[in-house]
Each structure stands twice: as structure tokens, then as C-alpha cells.
Amino acid sequence: MGKFTPIIQVIPRVLPKVRDVTKHSMTRLSEKTLEQTGLFSRFLMDVADVSLFIGRLVREMFSGHFEWKEFFQQCFQIGSKSLALISITGAIMGLVLTIQSRPVLVDFGAVSMLPGMVAVSLIREMGPVITALICAGKVGSGMGAELGSMKVTEQIEAMEVSSTNPMRFLVVTRVLAATLMIPLLVLYADLMGILGSWAGANIKGDVTFSLFFSQAFSSIAFIDFLPAVVKTFFFGAVIGLVGTYKGYNAGRGTESVGKAANSAVVLASLLVIVTDMIAVQITDMLMS
């Protein structure tokens, strides 16, 4: 019996350690579960806030009283103030696409297809998406920073006290202005892209302006133009909605203005890409 005494003495020392490890694992598991539950609850609260915000936006949009002066002011801010940036972006898109595509088409003896290929690529995909991303950075961040600063300085509360509806005056006008002006900016960017493509084609060749444009537009069908224009309205609505939501619901501190502008750019750019993916899938199903 004396040989088994050490084993019996070791057992009481091992069991408490096993209990401690089990207790520690259960504590970590419960903490992780609580953390995931908190994240999910915050996600549901964000979804509810966005739904209520969209509901208020739609209700004020059809309330009967519209702020036309502020609407035209926002159209000017979004459209006219963005022309220089969109002009440069569109021209560079067409120029780069032409310079990159021309050597490949030369190898296959299909240089005459260059204007049509560039025009279809710009109008169907590159023009709308890249222009919307540029506008998400400029327009979305501007809306988020402007409304965020108004929230910090309590100007929105002052508008409510003075019987001015801030949702109707600040949010509805900006969302509708973005929805209207971004499709126009996309069309302008497509035109500048074709001009840039013509300039790129004349770097190593000699193509007249009328011949290049006739070949470009002869390759464009109505089915290429319509889906690209329709989805730009959704791009504008998404950018305006995200920018105003982030600014309108910004925090009280001064650092919340930068956070509102930054999050508006990131979320608007992501939603533009997601919206484009959905639009491409719907167009492909309708055309097949």
C-alpha cells in the first residue's frame, strides 16, 4: 500500500488546476458571446436608425412644401463645383484606356474598333462607376462634414426652434440634388472620356475628330446607354443618403465631424460598388 500513496497524494493537487482551466475557458467563451451579441445588437440598432431616417426622408419629400431655393443651391454646389475634377478624370480615363488598348488591337489588325470599344467601355461601366466614386469622395464627404459641423454647433437644433424643418431643408434637398446631378456629371465624364480617347488615338496615329466620333457612337446601342444611365440615379441617391445620414447623426464633439466625413466616403464608395454589382446582375438577367 505504501507504493500507491504518492499517486493518491497527487490527485487532489491536479483536480483544482483542471477546474481552474475549465472555469477560465467558460469565462472567455461567455465574454466572446457577449461581445458578439453586442455587435449584433448595435448592427440591428443601426439598421433601425437608417430605416427611420429613410422613412422621415420619404415623408418629408412628399409633404407638399419643397425648398426650391436650397435645392438649386445644392445642385450648383454638386454640379458646377465638380466640373473641373470630373473633366480631368473623364479625359484621363479615355486617354489611359486608349493608350493601353491600342497596341493589342494593332496586333490583331483591329485598330478601327478602338473608338467603339472605348465608347462602350466608358458608357457602360468605367464612366458611371469611377465618376460616382469621385463624387462619393467629394460630395459625400462635403455633406457629412457640413451637416456634422451644423450638428456640433447646434444649428440643427436652432432650426427646429425657429420652426424650420431641418430634415426637409437640409436632407431632402441634398439627396434630390445628388440624385439629379450625378447622372449629368456621369454623362459629362463620358463625353470628356471620348475626347480624351480621341487625343490618345492621335498620339501615334491620325484620326479626324468627325471620323472618330462617328465610329464611337455607331457602336453604341440603346441597350448600352439605358442601364448605365438608370443606375447612376441610384448612385446619386446612395451618395446623398449616406452623406446626409452620417452628418445629421454625428456626435457632439469636434472630432465627430471628421469621423462623419470619413465614414461617409468609405460607406458611400462601398455601396456604389455593391449597387453597381447588383445593377450588372439585373442587366445581365434582362438581356439574356
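1. In this note, Ala, Val, Leu, Ile, Met, Phe, Trp, Tyr, Cys and Pro count as nonpolar, Asp, Glu, Lys and Arg as charged, and the others, Gly among them, as polar. By this scheme, the lining of the largest pocket holds twelve nonpolar residues, two polar and one charged. The structure under review is a predicted model.

2. The largest pocket has a volume of about 320 Å³. Its lining comprises 15 residues, and those closest to the centre of the pocket are Lys231, Phe234, Ile278, Ala279 and Ile282. Helices H8 (222-248) and H9 each supply at least two residues of this lining. The most comes from H9, which gives nine residues.

3. The second largest pocket has a volume of about 270 Å³. Among the residues lining this pocket are Asp46, Val50, Tyr245, Lys246, Leu267 and Leu271. Helices H1 (5-61), H8 and H9 each contribute at least two residues to the lining. Here the largest share belongs to H8, with five residues. The lining divides into eight nonpolar residues, no polar and two charged.

4. A nonpolar patch of about 700 Å² also deserves attention on the surface; Leu267, Leu270, Leu271, Val274, Met277, Ile278, Ile282 and Leu286 make this patch. Two of its members, Ile278 and Ile282, are among the residues closest to the centre of the largest pocket, while Leu267 and Leu271 help to line the second largest pocket.

5. Is Val274, a member of the patch, buried or exposed? Val274 lies in helix H9 (residues 255-287). Val274 counts as partly exposed because its relative accessibility is 32%, and partly exposed lies between under 20%, which is buried, and over 50%, which is exposed.

Technical notes
Residues are numbered from 1 along each chain as its sequence is written. This is a predicted model: local features need pLDDT of at least 70, side-chain atom pairs count only at pLDDT 80 or more; totals for chains, interfaces and linings use all residues. Side-chain values use heavy atoms; hydrogens and water are left out. Patches are made of residues with over 30% relative accessible area and no salt bridge: like charges are joined within 9 Å, nonpolar side chains (Val, Leu, Ile, Met, Phe, Trp, Tyr) within 5 Å. Accessible areas come from the Shrake-Rupley method with a 1.4 Å probe; for residues, only the protein chains shown count as cover. A salt bridge is a side-chain nitrogen of Lys or Arg within 4 Å of a carboxyl oxygen of Asp or Glu. Helices (H or I, at least four residues) and strands (E, at least two) are DSSP runs, numbered from the N terminus. Buried means under 20% relative accessible area, exposed over 50%, partly exposed in between (1.4 Å probe, protein chains only). On a 1 Å grid over the protein atoms alone, a cavity is a set of points where a 1.4 Å probe fits but cannot get out, and a pocket is an open set with protein on both sides within 12 Å along at least five of seven lines; lining residues have an atom within 4 Å of a point. Grid points are joined across faces, edges and corners, and a volume is the space filled by probe spheres set on the points.
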